Amino acid sequence: MPLRWASWLRPRLDWIQVEVSTHCPAACLYCPHTLYRPVWQHRHMSLDDFRRLAAAFAKTEMIYLQGWGEPLTHPEFFEMVRLAKAAGCRVGLTTNGMLLDEEKCLRLVQEGVDIVAFSLAGVDEENDAIRQGTHFRQVVAAIQTLVRMKKLLGSARPDVHLAYLMLRSRRQEVEGLPVLLQRLNVKNAVISTLDFIGDRVLLAEAILPATEGAYRDLRSQLEATAEACRRNGSRVDYWLAAPGGHAKDEPTGMQTSMVDLPFLAFQPQTCTENIHRSAFVSADGAVSPCVYTNVPVTGASHIVAGAERPYRRTIFGNIHDAPFEAIWRSKAYSAFRTAHRAGSLPELCLGCPRARMV
């Protein structure tokens, strides 16, 4: 195929989320990695697979190196960063911060990484009881080291973000976020809620308002927190499921992909995951609409709309077998996106709190 035609066939995407590893040294209480430990499939994406996928990067704005594992566990992580940057993409990752020493912080700056988000589920050491295997003080130290390395090299990148998970039992703690952001001099944060529920016991931690009153109360709390952050010079976005458990088309803060970072503002039609202009590629090369549809397990179940259902990965192809562009334009994947545009949600999306009801 002539090169100009090969280029034309490549989709223009906002981002591709690449799961470079499913390994993680932490054991967060809510994470599928912890809940499904007996059936979890541990793997690193091979560098050959990443190179195979890199052909699709030319028309992609952001490559986000994160899935259901800690990306910095991958021994060739920085080579993947270089390949993505060489394609002209912005590059980001979300990390628990436990593997970020001074040398790695320096390399993140030197390689031109654009966004580094640090995961937290609290504003102090209470975080450690939820995100077991991580340590709040160590995360703070990693952020401070990264900021220091930026100053040392005179670099504006990477932008440092917080990816903050708000749980129902610790709902009030989110109000301490403005002080934490100011203390760390972090200018961007996203507040998210527990969306993928791997065990019924976690229903108690999910924030799914049952009434309009409860929804307005939560929204008021989040908006007050976001406004306090804005007064301190930080941008905080959030997403909140409306009554019925679905995303709502109201100005409740910007709603983004699972990576939960405010680098692209958009208003998707039927899904906060921007499935019409993004994709998820798992560590074994499987291409899916989003991270929620591709958890590396078999023989597991999850909770959807309060009921237990078997979990099945939704895969439209594998980069081992076909180029990413061909998978994106395949009949089955195209039909999936068309159904969303029409407001006719496929079965796998029914009950997902990230879906919009139209």
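This passage walks through the predicted model, from overall confidence to two helices, the nonpolar cores and a few single residues.

The structure is a predicted model, so local features were taken only at a pLDDT of at least 70 and side-chain atom pairs only at pLDDT 80 or more, while totals for chains, interfaces and linings use all residues. Residues are numbered from 1 along each chain as its sequence is written, and side-chain values use heavy atoms, with hydrogens and water left out.

Confidence comes out at a mean pLDDT of 89 for the protein chain, and 89% of the residues score at least 70; pLDDT is the predictor's confidence in each residue, from 0 to 100. Among the elements, helix α5 has the highest mean pLDDT, 98, and helix α1 (residues 3-9) the lowest, 47. Across residues 1-8 the pLDDT is below 50, and this stretch makes five contacts in the model beyond near neighbours in sequence. Contact here means heavy atoms within 4.5 Å. Residues 249-268 also stay under 50 in pLDDT, and for them the model has 72 contacts beyond four places in sequence.

As for the overall build, the protein chain holds eleven helices and 14 strands. Helices (H or I, at least four residues) and strands (E, at least two) are DSSP runs, numbered from the N terminus. Of the 358 residues, 58% count as buried, where buried means under 20% relative accessible area, exposed over 50% and partly exposed in between, with a 1.4 Å probe and protein chains only. The accessible surface adds up to about 14600 Å², with 52% of it belonging to carbon and sulfur atoms; areas come from the Shrake-Rupley method with a 1.4 Å probe, and for residues only the protein chains shown count as cover. Of the contacts between residues at least 6 apart in sequence, 73% join residues at least 24 apart.

Now for helix α5 (residues 102-110), in which C105, L108 and V109 are buried. These residues lie on the same side of α5 because they cover an arc of only 95° around the axis, the arc being that of the directions from the helix axis to the C-beta atoms. Turned away from that buried side is a face with the exposed residues E103 and Q110. The buried residues pack against α4 (77-86), β4 (90-95), β5 (115-120) and α7 (136-153). Just after the helix, G112 takes a positive phi of about 80°.

Helix α8 (residues 177-184) has buried residues too: L177, P178, L180, L181 and L184. They span an arc of only 165° around the axis, so they sit on the same side of α8. V179, Q182 and R183 are exposed, on the face turned away from the buried side. Cover for the buried residues of α8 includes β5, α7, β7 (159-165), β8 (188-192), α9 (212-231) and β9 (235-238). Next along the chain comes N185, with a positive phi near 60°.

On to the inside of the protein. In soluble globular proteins, nonpolar side chains tend to be buried together. The largest nonpolar core has 78 residues, and F118, L162 and F324 touch the most other members. A nonpolar core is a set of buried Ala, Val, Leu, Ile, Met, Phe, Trp, Tyr and Cys residues joined through side-chain atoms within 4.5 Å. Helix α7 gives the most to this core, with eight residues. Leaving aside neighbours within four places in sequence, F324 is in contact with P11, L13, I16, L53, A56, A279, V281, V287 and I319. A second, separate core of 13 residues includes I130, I197, A206 and I303.

A few single residues round things off. The structure holds zero disulfides, a disulfide being a pair of cysteine sulfur atoms within 2.5 Å. The sulfur of C271 has its closest cysteine sulfur in C290, 6.1 Å away, which is too far for a bond. C271 is buried at 9% relative accessible area, and C290 is buried at 10%.

H302, in strand β12 (residues 301-304), is buried with a relative accessible area of 15%. Not counting residues up to four places away in sequence, H302 touches Y36, F196, I197, G198, A307, E308, R309, P310 and Y311. S46 sits in the loop between α2 (32-35) and α3 (47-53) and is partly exposed, at 31% relative accessible area. The C-alpha atoms of S46 and D284 are separated by 8.2 Å, although the two residues are 238 apart along the chain.
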